Amino acid sequence: FCLSRGLGDVYKRQKIFVVTKISYKQQMMKEETTYHIPVLLMPSVDAMNIRPDGTYVDVTFGGGGHSREILSRLEDGGRLLSFDQDEDAERNIVNNPHFTFVRSNFRYLHNFLRYHGIEKVDAILADLGVSSHHFDDSERGFSFRFDGALDMRMNKRAGLTAADIVNTYEEEKLADIFYLYGELKNLSLIHISEPTRQAEIS
């Protein structure tokens, strides 16, 4: 679906598409063996009303499914910038003259648009959430299904892992994180004992 938001002069009156994702392994493309195929791929890209010479942004490149479909509709003058901070996504970079990959979090969208000389865009697509790729990779530490390190970084170039945080942050700071970002509103349920600390969570 489309959300209209006032995101400054660059994004004003533009379209932002937020897409729900579901993983179907049996449908995965050969070049995307660890990434889902977006279930709403065609409806979401259709809703962007792609013009062949338009300028578009995919802020969550991932397996590149949305970006490839957008690129298939671009011609002379068309342009697509795709963002992803996860180095795994770089394996899916598209070789296309209309395509620019940005190795960064899309929080810096405005800065990179300015860097690439783009004053306005026609539509922005955001496929938000953790990918099946992250859950299916034991080394990423997002799933209880695997015996792996507690990493949980969307950007593996970042410093702190989840293990670093739970083992070094004070209990009050951890409680704030769980309350604000984990939707755990009953603070009485949050308690980290000293024996647990001494054993170290990994």
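# Strands, salt bridges and a surface patch in a predicted model

Biologist: In this predicted model, which residues of S3 point one way, which point the other way, and are they buried or exposed?

Modeller: The side chains of S3 divide between two directions, with Thr55 and Val57 pointing one way and Tyr56 and Asp58 the other way. Burial does not separate the two pairs, since under 20% relative accessible area is the criterion and Thr55, Val57, Tyr56 and Asp58 are all buried.

Biologist: Which residues stand opposite Tyr56 in S4 and in S6?

Modeller: S3 pairs with S4 in the parallel sense over four bridges, and three bridges join S3 to S6, which also run parallel. Within these pairings, the bridge partner of Tyr56 in S4 is Leu80, while in S6 the residue opposite Tyr56 is Ala123.

Biologist: What unit do S3, helix H2 and S4 make?

Modeller: S3 and S4 are parallel neighbours paired over four bridges, and helix H2, residues 65–71, belongs with them to one unit. Taken together, S3, H2 and S4 make a β-α-β unit that is right-handed.

Biologist: How many residues apart in sequence are the parts that Arg51 and Asp122 tie together?

Modeller: The side chains of Arg51 and Asp122 form a salt bridge, with the closest N and O atoms 2.9 Å apart. Arg51 lies in the loop between helix H1 (41–47) and strand S3 (55–58), and Asp122 lies in the loop between helix H3 (109–115) and strand S6 (123–126). Arg51, at 37% relative accessibility, is partly exposed, as is Asp122 at 24%. Because the two residues sit in these two loops, their pair ties together parts whose separation in sequence is 71 residues.

Biologist: Is Asp88, the salt-bridge partner of Arg91, buried or exposed?

Modeller: Arg91 and Asp88 form a salt bridge in which the closest N and O atoms are 3.3 Å apart. Arg91 is exposed, with a relative accessible area of 63%. Asp88 has a relative accessibility of 2%, and because under 20% is the criterion for burial, Asp88 counts as buried.

Biologist: Which residue meets Glu90 in a salt bridge, and how many residues apart in sequence are the parts they tie together?

Modeller: The partner of Glu90 is Arg103, at 3.3 Å from N to O; Glu90 is partly exposed at 21% relative accessibility, whereas Arg103 is exposed at 53%. Glu90 lies in the loop between strand S4 (79–83) and strand S5 (99–102) and Arg103 in the loop between S5 and H3, so the parts they tie together are separated in sequence by 13 residues.

Biologist: Which residues are joined into one network by salt bridges that share partners?

Modeller: The count of salt bridges comes to six. Where salt bridges share partners, the residues joined into one network are Asp46, Glu69 and Arg73.

Biologist: Which residues form the nonpolar patch on the surface, and about how much accessible area do they have together?

Modeller: One member is Leu180, which lies in helix H6, residues 171–181, and is exposed with a relative accessible area of 56%. Leu180 is joined in the patch by Tyr179 and Tyr181, and the accessible area of the three together is about 380 Å².

Biologist: How many helices and strands does the protein chain have, and what percentage of its residues count as buried?

Modeller: From the N terminus on, the elements run β-β-α-β-α-β-β-α-β-α-α-α-α, with seven helices and six strands. The protein chain has 202 residues, and the share that counts as buried is 41%.

Definitions and conventions:
Residues are numbered from 1 along each chain as its sequence is written. This is a predicted model: local features need pLDDT of at least 70, side-chain atom pairs count only at pLDDT 80 or more; totals for chains, interfaces and linings use all residues. Side-chain values use heavy atoms; hydrogens and water are left out. Patches are made of residues with over 30% relative accessible area and no salt bridge: like charges are joined within 9 Å, nonpolar side chains (Val, Leu, Ile, Met, Phe, Trp, Tyr) within 5 Å. Accessible areas come from the Shrake-Rupley method with a 1.4 Å probe; for residues, only the protein chains shown count as cover. A salt bridge is a side-chain nitrogen of Lys or Arg within 4 Å of a carboxyl oxygen of Asp or Glu. Buried means under 20% relative accessible area, exposed over 50%, partly exposed in between (1.4 Å probe, protein chains only). Two strands pair if DSSP finds at least two bridges between them. A crossover is right-handed if, with the strands pointing away from the viewer, the path from the first strand over the helix to the second runs clockwise.
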